[in-house]
Amino acid sequence: FSWTNIGISVGGGLAGAAAFAVLSKGTLAGFLLAHLAPLPIMIVALGLGVGHGATAAIIGTMFLSIWPNPLFGMAYGLLVALPAWLSCYAVAGAPWRRRDLLTQHLSSWAVLAQAVTLSAGIVFFLGVTAFSQGKIEEPLSYVQGQFYFELDALLKEHKLGEDVTVQDLTRFTQLFLPATFAGYGLLLHALNLWIAGRLTKISGMLKLSWPDIAADFALPRFVAVAFVLASGLA
């Protein structure tokens, strides 16, 4: 925990927060840049250790909670910072009291950690916003705007049938967007983790051995049970 490493951790947290904050602009460039929001946290965690990665995650969340608003900071913390840090924690073997809790299939546990935290984060985030009667249009404005634009065009061109109404499409959109964001977010986090690992390895800062992902990736059996239960609930 040198001052240099702490400074890098703070800088990584601010970089991730800045990449996510451009979502508030509602532009295509901002939407694309936000795809890299987990990357600085992951690079810090893999290169300097999970303690510094946690610092970067907390700094970014605190910054966005102050500006633009606490709801935006909560979205970043639950959907970006926590999954990013937790996946790096799993990759590092989940160290606890000078021993590693995980020793095999680390790549699988990393992606599983991302999936669980993203799903739980989205459910919690939507629940809090619904309870507080807040709005989530700001971070999702570009995606929702583009989607509704396409729906409007399809309706005008009569490509959806006469029985389909705007109310039906709006309800369908509200139902499917959370699951879509969870799946899309998982893909982004997994890709960012791979990129962060490669960049850290090229820089010579990666202290972990690179796994044979094709051979190492095997999900625990309880995931299949959880999938069946979730499908039934859905």
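Contact here means heavy atoms within 4.5 Å. With that in place, take the contacts between residues at least 6 apart in sequence: 72% of them join residues at least 24 apart. This is a predicted model, so please hear everything that follows as computed from a prediction.

Confidence next. The mean pLDDT of the chain is 86, and 85% of the residues reach 70 or more. By element, the lowest mean pLDDT, 61, belongs to helix α7, residues 137-156. The highest, 97, belongs to helix α3, residues 39-48.

Now the layout. The chain has ten helices and two strands. Reading along the sequence, the pattern is α-α-α-α-α-β-β-α-α-α-α-α. Of the 234 residues in the chain, 35% are buried.

Let me stay with α3 for a moment. How many of its ten residues are buried? Eight of the ten are, and the helix is mostly covered. The buried ones are L39, P40, I41, M42, V44, A45, L46 and G47. Just after α3 comes G49, with a positive phi of about 120 degrees.

That brings me to the core. The largest nonpolar core holds 36 residues, and the members that touch the most others are F20, I41, L64 and Y76. At least two residues each come from α1 (3-21), α3, α4 (50-66), α5 (70-91), α6 and α8. The largest share is from α5, with eleven residues.

F20 is worth a look on screen. Leaving out residues up to four places away in sequence, F20 touches A34, A37, L64, F72, A75, Y76 and V80. Two of those, L64 and Y76, were also on the list of members with the most core partners.

Moving along the chain, A94 is found in the loop between α5 and β1, the latter being residues 95-96. Is A94 buried or exposed? Its relative accessible area is 7%, so A94 counts as buried, the cut-off being under 20%. Beyond its neighbours within four places in sequence, A94 is in contact with Y89, R99, D100, L101 and L102. There is also a pairing in space to note: the C-alpha atoms of A94 and V50 are separated by 9.3 Å, while the two residues are 44 apart along the chain.

Next, S108, in helix α6, which covers residues 106-132. S108 has a relative accessibility of 1% and therefore counts as buried. Setting aside residues up to four places away in sequence, S108 touches D216, F217, A218 and L219.

Last item, the second largest pocket. About 710 Å³ of space lies in it. It is lined by 20 residues, and the closest to its centre are A115, S119, A226, F227 and A230. Which helices supply at least two residues each of the lining? They are α6, α8 (166-203) and α10 (222-233). The helix that gives the most is α10, with seven residues. As for character, the lining divides into 17 nonpolar residues, three polar and no charged.

To recap for the discussion: α6 turns up in the core and again in the pocket lining, and α8 is likewise listed for the core and for the pocket. When we go through the model, keep the mean pLDDT of 61 for α7 in mind. That is what I have.

Conventions
Residues are numbered from 1 along each chain as its sequence is written. This is a predicted model: local features need pLDDT of at least 70, side-chain atom pairs count only at pLDDT 80 or more; totals for chains, interfaces and linings use all residues. Side-chain values use heavy atoms; hydrogens and water are left out. pLDDT is the predictor's confidence in each residue, from 0 to 100. Helices (H or I, at least four residues) and strands (E, at least two) are DSSP runs, numbered from the N terminus. Buried means under 20% relative accessible area, exposed over 50%, partly exposed in between (1.4 Å probe, protein chains only). On a 1 Å grid over the protein atoms alone, a cavity is a set of points where a 1.4 Å probe fits but cannot get out, and a pocket is an open set with protein on both sides within 12 Å along at least five of seven lines; lining residues have an atom within 4 Å of a point. Grid points are joined across faces, edges and corners, and a volume is the space filled by probe spheres set on the points. Ala, Val, Leu, Ile, Met, Phe, Trp, Tyr, Cys and Pro count as nonpolar, Asp, Glu, Lys and Arg as charged, and the others, Gly among them, as polar. A nonpolar core is a set of buried Ala, Val, Leu, Ile, Met, Phe, Trp, Tyr and Cys residues joined through side-chain atoms within 4.5 Å.
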